[in-house]
Amino acid sequence: MRDPIKEYAAVEEAAMKFVRSVAEGDSRHARELFTEDAVLFGCLDETPERGSIEQFYRNVDTVGGGEKFKARIDVMAVEETLAVVRVLEEGWGDRIDFTDYLLLLKMDGQWKCVAKAYNQNSDTIAK
């Protein structure tokens, strides 16, 4: 069953914690969003990243969003206790464009991210 539009807004607000952390280069906000056992999957400059979300936190804390960083949040689906969010990122670290997919679950009345999978746009891969 599709949830009311107000629930989409709550999911978008939760995903903003992810965007804020990336833009500011500070994982503090994202740590409020992700569960402790959240997982990460993707390739950064052709180096596979998989496993703990801690790798994402290290990346964010090491590289700030940069002057040209932009992001867009698309709430793809909200189904009672499950949500899928796509985040488009441009210019992370003044160089990289990403498409992220976040899988969120509603836990104790709050939207929490349990998994992040991403694609780095091929024209932004450092050779």
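A residue counts as buried when its relative accessible area is under 20%, as exposed when that area is over 50%, and as partly exposed in between. I begin there because C43, with a relative accessible area of 37%, falls in the middle class and is therefore partly exposed. Please keep in mind throughout that what we are looking at is a predicted model.

Let me stay with the cysteines for a moment. A search through the whole structure turns up zero disulfides. For C43, the nearest cysteine sulfur belongs to C113 and is 18 Å away, and C43 takes part in no disulfide. Since a disulfide requires the two sulfur atoms to lie within 2.5 Å, a separation of 18 Å rules this pair out. C113 is likewise in no disulfide, and, in contrast to the partly exposed C43, C113 has a relative accessibility of 0% and so counts as buried.

Now to the helices, starting from the N-terminal side. Helix 1 covers residues 5-24, and its 20 residues, at 1.5 Å a residue, should span 28 Å, which agrees with the 29 Å that separates its end C-alpha atoms. The buried residues of helix 1 are E7, Y8, V11, A14, A15, F18, V19, S21 and V22. As a reminder, an α-helix has 3.6 residues a turn, so residues three or four places apart point the same way. Directly after helix 1 comes G25, and its phi is positive, near 70 degrees.

Helix 2, residues 28-33, contains H29. Is H29 buried or exposed? Its relative accessible area is 8%, so H29 is buried. If we set aside residues up to four places away in sequence, H29 touches K17, R20, S21 and E24, and S21 is itself among the buried residues of helix 1.

That brings me to the interior. The largest nonpolar core holds 31 residues, and the members that touch the most others are F18, F34, F56, V85, L102 and L104. Where does this core draw its residues from? At least two residues each come from helix 1, helix 2, strand 1, helix 3 (54-62), strand 3, strand 4, strand 5 and strand 6 (110-120). Helix 1 gives the largest share, seven residues. To look at one core member in more detail, F34 is in contact with F18, I53, F56, Y57, L102, C113 and K116, leaving aside neighbours within four places in sequence.

Next, the strands and the way they pair. Strand 1, residues 34-44, and strand 2, residues 47-52, run antiparallel and are joined by six bridges; within that pairing, F41 has R50 of strand 2 as its bridge partner. The hairpin that these two strands form has two residues between the strands, and D45 there takes a positive phi near 50 degrees.

Further along the chain, strand 4 and strand 5 run antiparallel with nine bridges between them, and L88 stands opposite T99 in strand 5. Their hairpin leaves three residues between the strands, with G93 in the turn showing a positive phi of about 60 degrees. D94 lies in that loop between strand 4 and strand 5, and its phi is also positive, near 60 degrees, although D94 is a residue other than glycine. With a relative accessible area of 44%, D94 is partly exposed.

Strand 5 and strand 6 are joined by ten bridges and again run antiparallel, and here L105 stands opposite K112 in strand 6. The hairpin of strand 5 and strand 6 has two residues between the strands, and in its turn D108 has a positive phi of about 50 degrees.

One more loop deserves a mention, the one between strand 3 (70-79) and strand 4 (82-92), where E80 lies. E80 is not a glycine, yet its phi is positive, about 60 degrees, and with a relative accessible area of 43% E80 is partly exposed.

I will finish on V84, which lies in strand 4. At 26% relative accessibility V84 counts as partly exposed. Which residues does V84 touch, not counting those up to four places away in sequence? They are D74, V75, M76, A77, Y101, L102 and L103, and L102 is one of the core residues I named earlier. Finally, V84 and L105 are 21 residues apart along the chain, and their C-alpha atoms are separated by 9.0 Å.

Note on methods
Residues numbered from 1 in each chain as written. Predicted model: local features only at pLDDT ≥ 70, side-chain atom pairs only at ≥ 80, totals over all residues. Heavy atoms only, no water. Helix = DSSP H or I, 4+ residues; strand = E, 2+ residues; numbered from the N terminus. Buried < 20%, exposed > 50% of the residue type's maximum accessible area, 1.4 Å probe, protein only. Contact = heavy atoms within 4.5 Å. Pairing = 2+ DSSP bridges. Core = buried A, V, L, I, M, F, W, Y, C linked by side-chain atoms within 4.5 Å. Expected span 1.5 Å × (residues − 1).
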